[in-house]
Each structure stands twice: as structure tokens, then as C-alpha cells.
Amino acid sequence: MDRSGPTFRLARGVRQGDPLSPNIFNAVLEQVFRGLNWEE
């Protein structure tokens with residue numbers, strides 16, 4: 001079963017070592033955890 005979604009090209013991003021990188025990573029990870037159904 002293929003669970004991959006649509007592909008898209010990334011044109012911009014945060015460079016490795018940028019001081020903002022950890023904050024963006026944490027914000028995205030928090031949204032992922034909030035979306036998980038921990039009951040199952």
C-alpha cells in the first residue's frame with residue numbers, strides 16, 4: 001500500500017545552522033503531536 005502523498009518542490013527553507021531552525025522544528029513537531037490520536 002502506497003501511503004505517500006503528492007510530491008511538491010521546495011523552493012525555500014531554513015539553512016542548517018540558522019538560529020531559527022530549532023524553533024521552526026519544535027513548532028512543526030508540536031503540531032504533529034497535537035494531531036496524533038493517542039487513544040489508539
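**Exercise 1. How far apart are the mean positions of the positive and negative charges of the chain?**

Solution. Start with the ground rules: this is a predicted model, where local features need pLDDT of at least 70 and side-chain atom pairs count only at pLDDT 80 or more, while totals for chains, interfaces and linings use all residues. Residues are numbered from 1 along each chain as its sequence is written, and side-chain values use heavy atoms, with hydrogens and water left out.

Step one: pick the charges. Lys and Arg count as positive, Asp and Glu as negative, and His and the chain ends are skipped. Step two: place each charge at NZ of Lys, CZ of Arg, CG of Asp or CD of Glu. Step three: take the mean positions of the 5 positive and the 5 negative charges, and you get 15 Å between them.

**Exercise 2. Find the salt bridge and describe where its partners sit.**

Solution. Look for a side-chain nitrogen of Lys or Arg within 4 Å of a carboxyl oxygen of Asp or Glu. Searching the whole structure turns up one such pair. It's Arg34 with Glu30, and their closest N and O atoms are 2.5 Å apart.

Next, place them. Both belong to helix 1 (residues 21–35), four residues apart, or about one turn of the helix. Helices here are DSSP runs (H or I, at least four residues; strands are E, at least two), numbered from the N terminus. The chain has one helix and zero strands.

Finally, check accessibility: buried means under 20% relative accessible area, exposed over 50%, and partly exposed in between (1.4 Å probe, protein chains only). Arg34, at 61%, is exposed, while Glu30, at 39%, is partly exposed.

**Exercise 3. Work out how the surface of the chain looks, from the whole chain down to a patch.**

Solution. Begin with the whole chain: of its 40 residues, 0% count as buried. About 4600 Å² is exposed, and carbon and sulfur atoms supply 55% of that; the areas come from the Shrake-Rupley method with a 1.4 Å probe, and for residues only the protein chains shown count as cover.

Now the patch. Take residues with over 30% relative accessible area and no salt bridge, then join nonpolar side chains (Val, Leu, Ile, Met, Phe, Trp, Tyr) within 5 Å; like charges would be joined within 9 Å. The resulting nonpolar patch has about 950 Å² of accessible area together, and its members include Ile24, Phe25 and Trp38.

Zoom in on two of them. Ile24 is in helix 1 and is partly exposed at 36%. Trp38 sits in the segment after helix 1 and counts as exposed at 62%.
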